[in-house]
Amino acid sequence: MDTSTKLNQIIAQVEVAIDQLVPAHDGSDAGPVRIHAAMRYSLQAGGKRVRPVLALAAAALFKPAADPMPAAIALECLHTYSLVHDDLPCMDNDDLRRGRPTAHRQFDEATALLAGDALLTHAFVLLATHYGTAPQLATALVRELAEAASGARLVGGQMQDLLAEKKTSATAAELDYIHLNKTAAMLEASLVMGGLVGEATPVDLANLRTAGRHLGLAFQIVDDVLDATADSTTLGKTAGKDAKAGKTTYVSLHGIETARRLAQEQTTAALEAIRSLPGDTAFLLQLAESLLARAK
Ligand code: GRG
């Protein structure tokens, strides 16, 4: 099976699992309809599902006894919360996400804020519920995701990013710090959580973390290049925002050509870490390369 067929199959499984593992919004489970509708609105808008796919691909290297899918969906819930909050008027104030009006545009600001809160919390409900019979695994997964999402990493990276926007320019070191935490932390967690479900050894977990760190930087550099070169329809989010906001990015610091080379270097480093993992790494290697070549 070729990579894109396999990728589409996995994404289709992820979509089914999201539908099954996130509360209903039609009142069928007697739950509160509006908040669940807002959670599903943002989750089911068709993101690229990079984080769940990475988690599932990492787990597959180890032929896991436990099902990695709930962990994969927990990652997507947490990621989607961060997008919903990032789009709010008090942060990026954006109107378009995943090709649709942002959550606060579709609903209202309070509903979007609460939907983000509920998605963040639901990620941990999924981990505690689905891995509860394997307490050590559940604890390791909760810790990994919580640390990635913490004030030291995802939230901390976002805070530094907001502060950097207020200055005329950030340094290369500041930019790396922001993206190691805002972007790479969740990609690291995706690969490591897949490895944890697969009962990977500490050495393999360390290699997964290294791969995630490099993939995260490559992903962000490509994101900056796309923001500068692609259109909003292709991206499904507002293009050209960084330059308009005078934001320091890999493109503004280094120019497009050097930014592309840096993304290639980070991808090469990720591929090297993936090659040192056991099992059939072909799909994970191709995924890493396809993230470099992505168009949105
Ligand atoms: C609000 C705590 C908090 C954090 C926000 C995710 C984020 C941090 C900000 C969004 C803006 C941004 C460019 C973040 C860098 C990470 C990134 C490229 C996110 C977009 O992820 P994709 O491209 O999105 O995987 P889809 O929609 O495909 O899932």
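**View 1. The largest cavity in this predicted model has a volume of about 80 Å³.** Of the 13 residues that line this cavity, S42, V84, R97, T102 and A103 are the closest to its centre. Helix 2 (33-43), helix 4 and strand 2 (100-101) each contribute at least two residues to the lining. Helix 4 provides the largest share, four residues. Sorted by class, the lining has six nonpolar, three polar and four charged residues. The structure holds three cavities of 30 Å³ or more.

**View 2. The second largest cavity has a volume of about 50 Å³.** Its lining is made up of D161, A164, E165, A170, L175, I178, K247 and T248. Helix 8 and helix 9 (172-182) are the elements that give two or more residues to this lining. The largest share, three residues, comes from helix 8. Four residues of the lining are nonpolar, one is polar and three are charged.

**View 3. The ligand is surrounded by 18 residues.** Those that come nearest are K48, R51, H79, S82 and R98. Helix 4 (69-87), helix 8 (154-165) and helix 11 (202-229) each supply at least two residues of the shell. Helix 4 gives the most, with six residues. The shell has five nonpolar, seven polar and six charged residues.

**View 4. Side chains of K48, R51 and H79 approach oxygen atoms of the ligand.** A polar side-chain atom of K48 lies 2.6 Å from a ligand oxygen atom. For R51, a polar side-chain atom lies 2.8 Å from an oxygen atom of the ligand. An N or O atom in the side chain of H79 is 2.8 Å from a ligand oxygen atom. Taken alone, the ligand exposes 700 Å², and the protein buries 92% of that.

Methods: Residues numbered from 1 in each chain as written. Predicted model: local features only at pLDDT ≥ 70, side-chain atom pairs only at ≥ 80, totals over all residues. Heavy atoms only, no water. Near = heavy atom within 4 Å. Polar contact = N/O pair within 3.5 Å; in protein donor to acceptor, adjacent residues only side chain to side chain. Areas by Shrake-Rupley, 256 points an atom, 1.4 Å probe, with all protein chains shown as cover. Nonpolar A, V, L, I, M, F, W, Y, C, P; charged D, E, K, R; others polar. 1 Å grid on protein atoms, 1.4 Å probe; cavity = no way out; pocket = protein on both sides within 12 Å on 5 of 7 lines; lining within 4 Å. Points joined across faces, edges and corners; volume = space filled by probe spheres on them.
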